[in-house]
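Please find below a short set of comments for the file. They are arranged as numbered points and concern selected elements and the contact between the chains.

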Amino acid sequence: MGGKFGYALRETLQNLRRNLVLTGASMLTVAVSLSLVGAAFLLGYGVDNVTQRWQGGIEFEIFLNENITPEQQARIQRELDASPDVARSQFVSQAEQYELFKVLFAEQEEYIESVTADVLPPSFRVEPSIADADVISALGDRFKGEPGVKDVVFAEETVRTLLRVSGITQSVIFAVAAVLLFAAALLIFNTIRTAIFARRREIEVMKLVGATNWFIRVPFMLEGLLQGLAGASVAFAIVYLVRNAAQDAIRNVPLFDGFVVVTSQVVTTGALTLVLGAAIGAVGAGVAVTKFLDV
Amino acid sequence: MIKLDNVSKFYKSDVVALRGASVDIRKGEFVFLVGPSGSGKSTFIRLLNKEEVPDEGRIWVAGKDIAQLSPWKVPFLRRNIGCIFQDFKLLPTRTVYENVAFALEVIGRPRHVIQSQVPAILELVGLGKKFKNLPHELSGGEQQRVSIARAFVNRPLILLADEPTGNLDPTTSVGIMRLLDRINRTGTTVVMATHDRSIVDTMRRRVVELDRGTIVRDQTRGVYA
C-alpha cells in the first residue's frame with residue numbers, strides 16, 4: 001500500500017484537473033446517455049407493474065369468491081382446460097394477489113397495512129386461442145354465472161395500446177442511448193489520449209527506469225473509470241428526480257393510477273447505471289491506453 | 001554481463017544499423033563505443049535494454065537471452081540497467097529530488113527507501129544542496145548529474161550512456177567522466193557511446209569502434225582512432 005496506490009490516485013486526480021473541459025464533456029455525455037437508459041428501464045418497470053395482469057396475451061381474468069370451495073374451483077379449472085378456445089389459463093392464489101397488491105401500492109403503506117391476503121379474491125387469468133373480440137367476450141361471459149365466480153374483467157383496449165406503445169418507446173430510447181454511450185466512450189477515449197500526450201515525457205522515463213505496463217496504465221484507466229462513474233451518478237440523480245416528479249404528476253390520472261415504480265426498482269436501475277458508466281469509462285480508457293501507450 | 005552474438009539490425013529492410021556485431025563485455029568493464037554519427041552506436045545501446053529488437057543474432061544481458069524475454073519481463077530487465085542521454089530526459093516540472101525519487105516511485109519502492117536513498121545519491125553526484133531546484137535552474141553539467149543520479153539510484157548492474165557529454169563543454173565533461181568512473185569502480189558495467197576524442201584518449205579504456213554498422217576495432221585500453 002502507500003506508495004503505489006498513492007501514486008496512481010495522485011496522478012489520476014491531477015489528470016482530471018488538467019483536462020477539465022474534456023473531462024466535463026465526456027462526463028455530461030455519459031450522464032445524458034445513461035439518464036435515457038435509466039428512464040427507459042423505469043418506463044419498462046412502470047408499464048410492467050400497471051399491466052402485470054395483462055401480459056402474455058391474457059385477455060380476461062375470472063375473479064373468484066374468497067370463500068370458493070375446492071370443488072367449485074376444480075370445476076372452473078376443468079372447464080377452462082376443456083375449452084378449445086382457451087390456449088392457456090393460470091391460477092393466481094390469494095397470496096400471489098397480495099404480492100401484486102403490494103407492488104401496485106408500494107408507495108402507499110396505509111393501504112398495504114389495512115389489507116391482508118384473505119380479503120383479496122383469487123383468480124384465473126385466461127389467454128384465449130383466438131383473437132376475435134366477440135368470441136372472447138362470449139367465452140368470458142360464460143363464466144360469469146358459474147358458482148363461486150365473483151366477476152370477469154376484460155383487458156381494455158387502452159391497456160393493449162399502452163403495452164404496444166411502451167414497447168416501441170423503450171426500443172427507441174435504447175437505440176438513442178446506445179449511440180450516445182458510444183459517443184461517451186469516444187469522448188473518454190479522447191480525454192485519455194490527451195492525458196497520455198501531455199505526459200509522454202514522463203511515460204518515456206517510466207519505461208526507461210523499468211515501470212511495469214500496468215503501473216503506467218492504471219492511473220489512466222482509473223481516470224476513465226472515474227469519469228464514467230461521475231457521469232453515471234449524475235444520470236442516477238436525474239432519473240430519480242424525474243421519477244418522483246412524474247409519479248406525482250400522473251397519480252390521479254385514471255389508467256395510470258397503478259403506474260408506479262417502486263424504490264427497489266429505482267435502486268436496481270441506479271446500480272445498473274453505475275455499472276454501465278464505470279464499464280464505458282474503463283473500456284474507453286483501456287482502448288486509448290493500449291493504442292497510444294504501446295507499453 | 002553483456003554478450004552480442006552476430007547481431008544485425010536493419011531499418012526499413014535496406015538501411016543497415018548494425019551488421020554481424022559480436023562483443024563480449026565482462027562485469028565491471030568500462031567500454032567506449034566510438035564512431036561517426038550513424039555508425040550504429042545508439043542502436044547498439046538501444047538493443048541492450050530492449051528498446052529495439054535485433055533482426056538477427058542473439059543478445060545476453062545479465063545472463064539472460066533478451067530475445068527470449070517475454071514483454072512483461074522487460075521492465076524488470078530495465079531495473080538492472082541505468083540509462084543516461086545527451087538531452088538528460090529530466091522532467092521539467094519536477095525538482096531535482098522529485099526527478100530522482102520518481103525513478104524509485106514508479107518501480108514501487110517503499111517511501112522510507114526513497115527518503116534515504118535519494119539524498120545519498122544526490123550527495124554522491126555533488127548536488128546535495130540543490131535538491132529543491134527545478135532542472136532549468138541548473139547548468140547542463142548539473143542536469144546531467146541529476147540524470148546520472150536517477151540512473152544510478154537503483155544501483156543497476158549496467159549503466160548505458162548515449163553521448164552523455166554531447167551537450168557539455170570540455171571542463172564540465174571531465175567532471176561527468178570522473179563521476180562515471182567512480183560509478184564504474186563500484187562494480188557497475190558502463191557502456192558509453194561517444195565521439196568525444198579527448199575523453200576516450202584520456203581515459204584509456206576498452207574501445208569498440210563502429211563504422212556503418214560494423215565493428216571495425218575492439219581494443220582494450222584503446223584510443224579514439
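1. Why can strand E6 of chain B be described as largely enclosed by the rest of the structure? The model under review is predicted. Strand E6, residues 81–85 of chain B, has five of its five residues buried, and it is therefore largely enclosed by the rest of the structure. The burial holds for both sides of the strand: B:Ile81, B:Cys83 and B:Phe85 point one way from E6(B), B:Gly82 and B:Ile84 point the other way, and all are buried.

2. The pairing of this strand may be taken next. E6(B) is joined in the parallel sense to strand E7 of chain B, residues 158–162, over five bridges. One of the residues of E6(B) can be traced to its partner: B:Ile81 is bridged to B:Ile158 in E7(B).

3. Helix H1 of chain B, residues 41–48, is also mostly covered, with six of its eight residues buried. The buried residues are B:Lys41, B:Thr43, B:Phe44, B:Ile45, B:Leu47 and B:Leu48; a lysine is thus listed among them. Just after H1(B), the backbone at B:Lys50 adopts a positive phi of about 60°.

4. On chain A, attention is drawn to a nonpolar surface patch of about 400 Å², formed by A:Phe5, A:Leu9, A:Leu13, A:Leu226 and A:Leu229. Two helices of chain A each supply two or more residues to the patch, namely H1 (3–18) and H9 (213–250). H1(A) gives the most, with three residues. In general, an α-helix has 3.6 residues a turn, so residues three or four places apart point the same way.

5. How is A:Leu226, in helix H9 of chain A, to be classed by its accessibility? Its relative accessibility is 33%, and A:Leu226 therefore counts as partly exposed. The cut-offs relevant here are under 20% for buried and over 50% for exposed, with partly exposed in between.

6. The contact between the chains involves 21 residues of chain B and 16 residues of chain A. The area buried between chain B and chain A is about 1,600 Å², and carbon and sulfur atoms give 62% of that area.

7. How many salt bridges are counted between chain B and chain A? The count is two. A salt bridge is formed by A:Glu202 with B:Arg94, whose closest N and O atoms are 2.8 Å apart.

Methods
Residues are numbered from 1 along each chain as its sequence is written. Chains are lettered from A and ligands numbered from 1 in the order in which they are written. This is a predicted model: local features need pLDDT of at least 70, side-chain atom pairs count only at pLDDT 80 or more; totals for chains, interfaces and linings use all residues. Side-chain values use heavy atoms; hydrogens and water are left out. Buried means under 20% relative accessible area, exposed over 50%, partly exposed in between (1.4 Å probe, protein chains only). Helices (H or I, at least four residues) and strands (E, at least two) are DSSP runs, numbered from the N terminus. Two strands pair if DSSP finds at least two bridges between them. Patches are made of residues with over 30% relative accessible area and no salt bridge: like charges are joined within 9 Å, nonpolar side chains (Val, Leu, Ile, Met, Phe, Trp, Tyr) within 5 Å. Accessible areas come from the Shrake-Rupley method with a 1.4 Å probe; for residues, only the protein chains shown count as cover. A salt bridge is a side-chain nitrogen of Lys or Arg within 4 Å of a carboxyl oxygen of Asp or Glu. Contact means heavy atoms within 4.5 Å. Buried area is the accessible area (1.4 Å probe) that two parts lose on being put together, summed over both.
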